[in-house]
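Here is a short briefing on the hollows and the surface of one protein. Have a look at the sequence and the structure, then read on.

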Amino acid sequence: MSWNGAHLLPACLDSVLPEGADVLVVDNASTDGTLDLLATKYPAVQVIRNATNRGFAGGVARALENISTPVAVLLNNDAEVRPGWLAALLRTLDAPEVAAASSKLLLPDGRLNSAGGIVTASGYGHDRGFGEPDDGRFDEPADVMYGCGAALALKTDAVREVGGVDPRFFLYYEDVDLSWRLHLAGHS
């Protein structure tokens, strides 16, 4: 999803396009030249333009309506990936019970942003390791309560089976909600 993200997209796209995936950008009614940038510098990128800003959740919901691939990978427009990221992420979906896989996310200073999420007894979703040094504790795959939508691979059939991404969340907790429903349906 992108909303007035023309200043962010080049770094993101330049890092992800070499991974070999088909890329779809859902633009949430940007007014900053995003569409011109995509048309001139990234003509191979498919674009869906929303007439209004539908937020992250609304953009993901729209994307899922328009794809037919068995896996959809969400990636924030302010993220940059390392070489080999996509193949490593997709390998975690090889197990039939796994419906979603999240990346370990680092902040620009190298500290952890997310290593998957937990939900507290009060219902608060919390990113594992947030703000802590990346000391290797979260390098191995682990079953977590939710995957952060900023870099999340989803088996599209499983997502559709549980009702998709709820656009009413707009910006936050859509990933927690989706992951919760996937768990309730028996998926990891």
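The notes below cover a cavity, a pocket and a surface patch. Please keep in mind that this is a predicted model.

**The enclosed cavity**
- The count comes to one cavity of 30 Å³ or more, and the largest cavity holds about 40 Å³ of space.
- Its lining is made up of F56, V60, L74, G149, L152, L154, V165, E174, D175 and L178.
- Two or more of these lining residues come from each of α3 (55–65), β9 (151–155) and α6 (174–184).
- With three residues, α6 gives the most to this lining.
- Sorted by class, the lining of the largest cavity has seven nonpolar residues, one polar residue and two charged residues.

**The second largest pocket**
- This pocket has a volume of about 740 Å³.
- Its lining counts 30 residues, and D22, V23, L24, A72 and V73 are the ones that lie nearest its centre.
- At least two lining residues each are supplied by α1 (9–16), β1 (24–28), α3, β3 (71–75) and α4 (85–91).
- The largest share, five residues, belongs to β3.
- By class, the pocket lining splits into 22 nonpolar, seven polar and one charged.

**A nonpolar patch on the surface**
- Y124, F169, F170, L171, Y172 and Y173 together form a nonpolar surface patch with about 610 Å² of accessible area.
- One of its members, L171, sits in the loop between α5 (156–161) and α6.
- L171 has a relative accessible area of 42%, so this residue is classed as partly exposed.

Technical notes
Residues are numbered from 1 along each chain as its sequence is written. This is a predicted model: local features need pLDDT of at least 70, side-chain atom pairs count only at pLDDT 80 or more; totals for chains, interfaces and linings use all residues. Side-chain values use heavy atoms; hydrogens and water are left out. On a 1 Å grid over the protein atoms alone, a cavity is a set of points where a 1.4 Å probe fits but cannot get out, and a pocket is an open set with protein on both sides within 12 Å along at least five of seven lines; lining residues have an atom within 4 Å of a point. Grid points are joined across faces, edges and corners, and a volume is the space filled by probe spheres set on the points. Helices (H or I, at least four residues) and strands (E, at least two) are DSSP runs, numbered from the N terminus. Ala, Val, Leu, Ile, Met, Phe, Trp, Tyr, Cys and Pro count as nonpolar, Asp, Glu, Lys and Arg as charged, and the others, Gly among them, as polar. Patches are made of residues with over 30% relative accessible area and no salt bridge: like charges are joined within 9 Å, nonpolar side chains (Val, Leu, Ile, Met, Phe, Trp, Tyr) within 5 Å. Accessible areas come from the Shrake-Rupley method with a 1.4 Å probe; for residues, only the protein chains shown count as cover. A salt bridge is a side-chain nitrogen of Lys or Arg within 4 Å of a carboxyl oxygen of Asp or Glu. Buried means under 20% relative accessible area, exposed over 50%, partly exposed in between (1.4 Å probe, protein chains only).
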